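Thank you for making the time this morning. I would like to walk through one chain with you, beginning with a single residue and widening the view from there, so please have the structure open as I talk.

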Amino acid sequence: MSVHANTRAMEKGIVTDFGSRMSYGSYLDLDTLLSAQKPVSRPEHHDELLFIIAHQTTELWLKLVLHETLAARTAFDEDDIGRALKCVARVKHIQKTLTEQWSVLATLTPTEYSEFRHFLGNSSGFQSYQYRAVEFVLGNKNADMLQVFESDSAAHDLLAKLLEEPSLYDAFWRCLARRGYDVPASTLHRDVSVAYTMNEELMPLVIHIYENNDEHWEVYESFEEFVDLEENFQLWRFRHMRTVLRTIGMKSGTGGSSGVGFLQKALELTFFPELLAVRTEIGR
């Protein structure tokens, strides 16, 4: 077979017969994946495909974030801080990708979105159970959220389970206690079904580790990894809020929330409050 200029020749060893072999497409189940985009606008609006794919890819990444965060929690349960931090490092890279994805959705102008938004009904990103699951694992728990998922038993059961389980941060402090650190009982025996809040009794230990980091390097590194995790999450929240503001202004959300106002309130939430509060204390 002749090869034209500016054409890469097929190598003899490349497999071309997939009649009885697993192919790239079959391994990834691309027939299912690429047929999962089903616009509801009529006539079908050109930009709805962008809207669907942006949210579907976010859900895929959230699935991996949840997978890695739960693995990190298990690693802390098994006193393997190194393995836990490896999982956290991967989550941080995923978070950067998720944040950058908002720039693609931001190309959707207010005029374009308004032409198919009404077809979405009450569907909203507020109803993402995977996002809520990630928040629960990181400590931002809210039992009231479960009522949103009463019609989806699998999602409801997952969130109910995570609500009653220790968060990643809880698992971390329990790991440190088993290693001999003086973690206060108020941290070790708190009600894990409610949102984590600032515990002043933890501050002496946190300050001590920051001020003597050479002696506690693995724990010190863990603190900073958690801070990275929180900062990335807040950047994602901020880009979400700004993208919504850019696209629909101050309109209410399709799911019934106040829209931008509701998203702004999320910026006040924190996962690891002591690790932020210590910044004020160091060097005083």
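Let me begin with E225, which counts as buried because its relative accessibility is 14%, and the cut-off for that word is under 20%. I should say at once that this is a predicted model, and that everything I describe is computed from it. E225 sits in helix α11, which covers residues 217–248. Which residues, then, does E225 touch once its neighbours within four places in sequence are left aside? The answer is L85, V88, A89 and K92, and since α4 runs over residues 81–105, you can find those partners on your screens by looking along that helix.

With that residue in place, let me step back to the whole chain. The chain has 13 helices and zero strands, and its C-alpha trace spans about 70 × 55 × 40 Å along the principal axes. Of the 284 residues, 42% are buried. If we take the contacts with a separation of 6 or more, 70% of them are between residues 24 or more positions apart. The exposed surface comes to about 16,300 Å², of which carbon and sulfur atoms supply 55%. As for charge, there are 28 positive and 41 negative side chains, and the centres of these two sets lie 5 Å apart.

Now to the interior. In soluble globular proteins, nonpolar side chains tend to be buried together. Here, the largest nonpolar core holds 68 residues, and those with the most contacts inside it are F76, F172, W173, F223 and F226. Which helix gives the most to this core? It is α11, with 11 residues, and this is also the helix in which we found E225. To take one member of the core in more detail, F226 is in contact with F76, L168, Y169, F172, F272 and L275, again leaving aside its neighbours within four places in sequence.

From there I would like to move to helix α10, residues 203–211, whose buried residues are M203, L205, V206, I209 and Y210. Seen down the axis of α10, these buried residues fall within an arc of 165 degrees, and so they line one face of the helix. P204 and E211, on the other side of α10, are exposed. What do the buried residues of α10 pack against? They pack against α8, which is 168–178, against α11, and against α13, which is 273–281.

The next region is in loops, and it involves a lysine that I would ask you to look at carefully. K141 lies in the loop between α6 (129–138) and α7 (153–164), and K141 is classed as buried because its relative accessible area is 6%, with the limit set at under 20%. Leaving aside sequence neighbours within four places, its contacts include F136, L162, L163, E164 and E165, and also V192, S193 and V194. For a sense of distance, the C-alpha atoms of K141 and L263 are separated by 16 Å, although the two residues are 122 apart along the chain.

S193 gives us the view from the other side of that contact. S193 belongs to the loop between α9 (185–188) and α10, and with a relative accessible area of 16% S193 is buried. Not counting residues up to four places away in sequence, S193 touches K141, L163 and E164. S193 and N142 are 51 residues apart in sequence, yet their C-alpha atoms are 8.1 Å apart in space.

Finally, a few points about the backbone, which are worth checking by eye. The peptide bond from R42 to P43 is cis, with omega near -5 degrees, and P43 is found in the loop between α2 (30–33) and α3 (48–77). Where are the two aspartates I would like to mention next? D29 is in the loop between α1 (24–27) and α2, and D79 is in the loop between α3 and α4. Phi of D29 is near 50 degrees, a positive value in a residue other than glycine, while phi of D79, likewise positive, is near 65 degrees. D29 is partly exposed, with a relative accessible area of 39%, and D79 is partly exposed as well, at 30%.

Notes: Residues numbered from 1 in each chain as written. Predicted model: local features only at pLDDT ≥ 70, side-chain atom pairs only at ≥ 80, totals over all residues. Heavy atoms only, no water. Helix = DSSP H or I, 4+ residues; strand = E, 2+ residues; numbered from the N terminus. Buried < 20%, exposed > 50% of the residue type's maximum accessible area, 1.4 Å probe, protein only. Contact = heavy atoms within 4.5 Å. Areas by Shrake-Rupley, 256 points an atom, 1.4 Å probe, with all protein chains shown as cover. Lys, Arg positive; Asp, Glu negative; His and termini not counted. Charge placed at Lys NZ, Arg CZ, Asp CG, Glu CD. Arc of directions from axis to C-beta. Core = buried A, V, L, I, M, F, W, Y, C linked by side-chain atoms within 4.5 Å.
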